[in-house]
Every structure is written in C-alpha cells, then in structure tokens.
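Here is a short tour of a protein chain for anyone meeting it for the first time. Have a look at the structure, then read on.

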Amino acid sequence: MLSLQEISDRMELQDLCYRYAQIIDSKDFDALRTDVFTEDAYIDYSVFGGSVGYLEETIQFLKQAMTREVFPAHQHLNANIQLELHGDEANGRVMCINPQEINLPGGGSQVFFCGLWYVDEYLRTTQGWRIRRRVEEKSYVHNAPEFMQGL
C-alpha cells in the first residue's frame, strides 16, 4: 500500500512530466530552467539527431531547432509513466507520442510521428521535483519527410 507521501510524490512527478510537454509545445523554453530541470541537468536528445549536454545548451538547441518556421505545430503526449521512488530521488520511464508538422523545403508541410521513451532521473528540490537527467530512447518514426529519413 502506498503512503500519502508516495501518492503525493507520484502525482507531482506526473505533473512535472506533463509540464515539460506543455512548455515544449508552447515553445516557452526558458521556463525549463525554473519549472522542470535542475540547474545541472543533463539532457540527451541525440537519438533523433538533437543535442546532448546540459540545460543551457539544451535550451539554446531548442530555440534554434524548434522554431515555428520549421515546426509550426507539434504535441508531446505523455503516458505510461513508470516511477520508482527512493526518498528524495526517483527514476522514471515515460512514453511519449510526438506528432509534428514540419514545413517542407519546396513548400507545403507534412505531419510525421515519433514514438519514444524518456528515461529520467528526478530530484526533490526546495522548488519541488525536478528532472536531473533525461535521455530519449527511440521507439519509432512514421511518415518522416524524405530529407529526415536518417532518424
């Protein structure tokens, strides 16, 4: 049976995962500093050709790569959040289904889908739970444009 603290921690961690998705989809990348990650967070998006590094590098990458001119619309749908709690630390594996619209070089746009897992480490801070480490694991890519076939 879960304690009230464990129930609360699990709900807060789920909300953290949903907050990350909302911030990414609204392109409010600076909010990742205050609302989602620890200052020294390590983030690895390399499985889909993205950045690998710490928080500031990740925010700069997102600002450059996820512009409305390239990706006018996208959603990060999180589900199947699996958590292991260890006091003030936790581990998680979070499913993400990510439909994205991308503008094509010759005009028009195309919708494609990425399926992935976030493999996370969390830390309870004075501001609440934060992600200390996030690594993406690829599940699939569907309907990617020709120029993205290497994903």
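## W117 and its company

Setting aside neighbours within four places in sequence, W117 is in contact with N80, Q82, R93, V94, M95, V135, E136 and E137. This is a predicted model, by the way, so keep that in mind while you look around. You'll find W117 in strand β6, which covers residues 109–125.

Is W117 buried or exposed? W117 comes out at 17% relative accessibility, and since buried means under 20%, W117 counts as buried. If you want a sense of distance, try G53: W117 and G53 are 64 residues apart in sequence, and their C-alpha atoms sit 18 Å apart in space.

## N78, another buried residue

Now hop over to N78, in strand β4, which spans residues 77–86. N78 has a relative accessible area of 13%, so it is buried.

What does the side chain of N78 reach? The backbone oxygen of C17, at 3.0 Å. C17 also turns up among the residues that N78 touches, once those up to four places away in sequence are left out; the others are Y18, A21, V94, M95, C96 and Y118. V94 and M95 may ring a bell: W117 is in contact with them, and N78 touches them too.

## The whole chain

Time to zoom out. The protein chain has three helices and seven strands. Starting from the N terminus, the order goes α-α-β-β-α-β-β-β-β-β.

How do the contacts spread along the sequence? Take the contacts between residues at least 6 apart: 56% of them join residues at least 24 apart.

## Size and surface

Along the principal axes, the C-alpha atoms fill a box of roughly 55 × 30 × 20 Å. The radius of gyration is 16 Å, which agrees with the value near 15 Å that a compact globule of 151 residues would have.

Of those 151 residues, 40% are buried. On the outside, the chain exposes about 8,000 Å², with carbon and sulfur atoms supplying 51% of that area.

## Charges

How many positive and negative side chains does the protein chain have? There are 13 positive and 23 negative ones. The centres of the two sets lie 1 Å apart.

How values were computed. Residues are numbered from 1 along each chain as its sequence is written. This is a predicted model: local features need pLDDT of at least 70, side-chain atom pairs count only at pLDDT 80 or more; totals for chains, interfaces and linings use all residues. Side-chain values use heavy atoms; hydrogens and water are left out. Helices (H or I, at least four residues) and strands (E, at least two) are DSSP runs, numbered from the N terminus. The radius of gyration is taken over C-alpha atoms; the globule rule is 2.2 Å times the number of residues to the power 0.38. Buried means under 20% relative accessible area, exposed over 50%, partly exposed in between (1.4 Å probe, protein chains only). Contact means heavy atoms within 4.5 Å. Accessible areas come from the Shrake-Rupley method with a 1.4 Å probe; for residues, only the protein chains shown count as cover. Lys and Arg count as positive and Asp and Glu as negative; His and the chain ends are not counted. The place of a charge is taken as NZ of Lys, CZ of Arg, CG of Asp or CD of Glu. A polar contact is a pair of N or O atoms within 3.5 Å; within protein, one must be able to donate a hydrogen and the other to accept it, and residues adjacent in sequence count only if both atoms are side-chain atoms.
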